[in-house]
Amino acid sequence: MTVDASGLESARHLLERSGTAERVAAILRQYITDGVFAPGERLSEPVISSALGVSRNTLRESFQLLAHERLAVHELNRGVFVRELTTTDIADLYVVRRATECGALRRAAELSTVDLAPVEKALHDGRAAAGAEDWPSVGTASIHFHQALADLAGSERLSATMRQVLAETRLFFVLNENTREFYEPFLDCHERILRDLRRGRFDAAEAALDRYLRDAEARLLELSAPAPGSGPPGTPR
């Protein structure tokens with residue numbers, strides 16, 4: 001299965017004058033984070049280079065960056081694919097997420113002011129998507145919510161780490177059923193965390209976030225467990 005890159009043309013302006021590999025990788029990373037490019041899909045060189053108006057060499061450099069971030073994998077004589085993860089990957093990702101996100105809230109508590117607008121917008125977007133029963137978009141809003149939490153620390157390095165980790169996390173989201181049962185519980189947890197942040201109760205928000213991440217990890221591991229008689233989940237193609 002090859003990715004549908006038809007929407008990439010609209011992202012050309014993000015490259016500005018110099019179509020650098022870093023900017024191309026940032027665009028592709030966002031498409032993976034938003035679930036447009038799914039695990040196991042082939043990232044076609046001719047299709048993507050044409051859509052973005054960049055050279056094959058630039059695109060190959062961007063693929064190398066994504067491979068370094070564990071978002072893509074090169075298969076000999078087959079091409080480059082969005083990576084498929086294992087249950088071991090998800091357990092490790094949630095170790096990083098708890099350290100990063102909870103650490104971000106501890107840092108935010110030390111600042112004189114924090115801007116909660118992006119956090120509030122992500123929750124609003126999630127509620128609106130749930131109202132329309134657009135569950136994949138609820139998942140996207142959840143990713144944006146957690147990025148906004150990390151951004152509260154005011155650290156570009158921490159925010160960059162979170163962007164990569166959330167892109168990997170999304171690889172699991174798109175493999176699960178896009179149902180109310182899977183996504184709706186996120187919204188109530190987000191509401192609780194935001195309520196504590198609005199009141200300046202950063203310790204309570206951090207505790208709620210830690211519980212949320214542990215519950216989410218357990219749920220994803222349960223959903224990713226192989227069926228009896230099948231191979232391990234997330235085996236790379």
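**Figure 1. Surroundings of His-146 in helix α6 of the predicted model.** Beyond residues up to four places away in sequence, His-146 is in contact (heavy atoms within 4.5 Å) with Arg-97, Glu-101, Met-162, Leu-166, His-190, Leu-209, Tyr-212 and Leu-213. His-146 belongs to helix α6, residues 135-151; helices (H or I, at least four residues) and strands (E, at least two) are DSSP runs, numbered from the N terminus. With a relative accessibility of 1%, His-146 counts as buried. The classes are buried, under 20% relative accessible area, exposed, over 50%, and partly exposed, in between, for a 1.4 Å probe and protein chains only. As this is a predicted model, local features need pLDDT of at least 70 and side-chain atom pairs count only at pLDDT 80 or more, whereas totals for chains, interfaces and linings use all residues. Residues are numbered from 1 along each chain as its sequence is written, and side-chain values use heavy atoms, with hydrogens and water left out.

**Figure 2. Ala-216 in helix α9.** Helix α9 spans residues 202-224 and contains Ala-216. The relative accessible area of Ala-216 is 10%, so this residue is buried. A C-alpha separation of 8.7 Å is found between Ala-216 and Phe-186, although their positions lie 30 residues apart along the chain as a sequence offset.

**Figure 3. Phe-37 and the largest nonpolar core.** A nonpolar core is a set of buried Ala, Val, Leu, Ile, Met, Phe, Trp, Tyr and Cys residues joined through side-chain atoms within 4.5 Å. The largest one has 67 residues, and the members touching the most others are Leu-8, Leu-28, Phe-37, Leu-43, Ile-48, Leu-149 and Leu-197. Domain 1 (14-82) and domain 2 (87-224) each contribute at least three residues to this core; the domain bounds come from an automatic or database domain assignment. Apart from neighbours within four places in sequence, Phe-37 contacts Val-3, Asp-4, Leu-8, Leu-28, Tyr-31, Ile-32, Leu-43 and Val-82.

**Figure 4. The hairpin of β1 and β2.** Strands β1 (residues 72-75) and β2 (residues 79-82) pair in the antiparallel sense over four bridges; pairing requires that DSSP finds at least two bridges between two strands. Val-73 has Phe-81 of β2 as its bridge partner. Three residues separate the strands of the hairpin, in which Asn-77 adopts a positive phi near 65°.

**Figure 5. Positive phi at Arg-70 and Glu-133.** Most residues other than glycine have a negative phi. Arg-70, which is not a glycine, nevertheless has a positive phi of about 65°. Arg-70 is located in the loop between α3 (56-68) and β1 and is partly exposed, at 42% relative accessible area. Glu-133 also has a positive phi, near 55°. Glu-133 is placed in the loop between α5 (117-131) and α6 and is exposed, with a relative accessible area of 52%.

**Figure 6. Residues 231-237 and model confidence.** The chain has a mean pLDDT of 87, and 89% of its residues reach 70 or more; pLDDT is the predictor's confidence in each residue, from 0 to 100. Over residues 231-237 the pLDDT falls below 50, and in the model this stretch makes 18 contacts beyond near neighbours in sequence. Where pLDDT is low, the predicted coordinates should not be read in detail.
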